[in-house]
Amino acid sequence: MDDMALLRDYAANNSETAFAELVSRRVNFVYSAALRQVRDPHLAGEITQAVFIILAQKAGRISDKTILTGWFFRTTRFAALAQIRADAKRRQRELEVQMQTEISSAASDETWNQMSPLLDEALAALGEKDRQAVLLRFFENKSLAEVGNELGMGEDTARKRVSRALEKLNRYFAKRGISSTTAMIAGAISTHSIQTVPMTLTKSVSAMAVAKGSVAAGSTTTLVKGTLKMMTWAKI
């Protein structure tokens with residue numbers, strides 16, 4: 001049976017054997033044409049699959065006068081062009097997302113560089129509940145529902161408290177010449193506030209703490225005493 005006879009057998013009888021034989025005869029032609037145009041084996045494979053899916057869908061409507069070699073050439077060409085255009089659009093979208101991310105990241109970094117020296121002072125100036133809400137939301141990355149649960153309030157109330165606290169922080173920074181928005185402040189804190197501690201320091205801290213400072217350096221002991229004294233005075 002020639003190729004057209006195989007196609008007719010498939011169209012009339014849904015013969016998978018006939019279609020498989022047609023694929024085996026023509027797949028190299030289609031794949032090679034696709035590979036020349038897209039220069040990517042994976043994409044060429046997708047194009048090849050698409051071409052034969054189209055062939056199966058159109059099997060009953062292809063004229064007996066059709067030269068299948070020409071049909072395969074044209075269909076592969078169209079599929080390759082569609083793939084190239086889709087790939088170009090995808091890369092454009094990815095580039096736009098990357099550029100937007102870089103711009104946002106740069107803005108966040110600049111905001112952080114300006115506000116970080118003042119952040120702890122600004123947080124200390126907040127009311128206790130507002131400060132706790134910000135710490136839970138952006139330093140511990142808890143959801144608003146979790147923040148509300150920790151503070152003994154509903155999710156909506158927690159959302160309002162976090163928003164109000166961010167507005168207070170924004171006003172605090174604005175008074176010190178730092179122009180920003182609540183969204184930029186939230187993003188900067190979430191991204192930069194927690195830094196990874198070296199493993200050696202983690203081990204050292206654990207060992208010193210377990211020993212209750214008995215093996216700590218003199219300067220560390222002095223610092224502990226000074227801190228405790230300040231905490232006592234603050235409580236009084």
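This tour proceeds through a predicted model, selection by selection.

**The loop after α1**

Begin by selecting Ser-15, in the loop that joins α1 (3–13) to α2 (16–38). Its relative accessibility is 15%, below the 20% limit, and Ser-15 therefore counts as buried. Display the backbone of Ala-18 next: its nitrogen lies 3.1 Å from the side chain of Ser-15. Once neighbours within four places in sequence are set aside, the contacts of Ser-15 are Asp-9 and Tyr-10.

**Aromatic pairs**

Keep Tyr-10 selected and add Phe-19. The structure holds 4 aromatic pairs. Tyr-10 and Phe-19 form one of them, a tilted pair with 4.7 Å between ring centres and 45° between the planes. Both Tyr-10 and Phe-19 are buried.

Move now to Tyr-172 and Phe-173, an aromatic pair with edge-to-face geometry: the centres are 5.8 Å apart and the planes stand at 90°. Tyr-172 is buried, with a relative accessible area of 12%, and Phe-173 is buried at 0% relative accessibility. With Tyr-172 still displayed, select Arg-176, whose charged end sits over the Tyr-172 ring, 3.6 Å from the ring centre.

For a further aromatic grouping, select Phe-52, Trp-71 and Phe-72, which form one cluster.

**Salt bridges**

How many salt bridges does a search of the whole structure find? The search returns 14.

Return to helix α2 and select Glu-21 and Arg-25, which lie 4 residues apart, about one turn of the helix. Their side chains form a salt bridge with an N to O distance of 2.9 Å. Arg-25 is partly exposed, with a relative accessible area of 36%, and Glu-21 is likewise partly exposed, at 34%. Adding Asp-3 and Arg-26 to the selection completes a network of salt bridges that links these residues with Glu-21 and Arg-25.

Next, select Glu-155 and Arg-159 in helix α7 (residues 155–174); because they are 4 residues apart in that helix, about one helical turn separates them. They form a salt bridge whose closest N and O atoms are 3.5 Å apart. Arg-159 has a relative accessible area of 36% and is partly exposed; Glu-155, at 38%, is also partly exposed.

Finish with Lys-142 and Glu-150, whose side chains meet in a salt bridge at 3.9 Å, N to O. Glu-150 is partly exposed, with a relative accessible area of 49%.

How values were computed. Residues are numbered from 1 along each chain as its sequence is written. This is a predicted model: local features need pLDDT of at least 70, side-chain atom pairs count only at pLDDT 80 or more; totals for chains, interfaces and linings use all residues. Side-chain values use heavy atoms; hydrogens and water are left out. Helices (H or I, at least four residues) and strands (E, at least two) are DSSP runs, numbered from the N terminus. Buried means under 20% relative accessible area, exposed over 50%, partly exposed in between (1.4 Å probe, protein chains only). A polar contact is a pair of N or O atoms within 3.5 Å; within protein, one must be able to donate a hydrogen and the other to accept it, and residues adjacent in sequence count only if both atoms are side-chain atoms. Contact means heavy atoms within 4.5 Å. Rings of Phe, Tyr and Trp (its six-membered ring) pair if their centres lie within 6.5 Å; planes under 30 degrees apart count as stacked, over 60 as edge-to-face and the rest as tilted. A charge sits over a ring if NZ of Lys or CZ of Arg is within 6 Å of the ring centre and within 35 degrees of the ring normal. A salt bridge is a side-chain nitrogen of Lys or Arg within 4 Å of a carboxyl oxygen of Asp or Glu.
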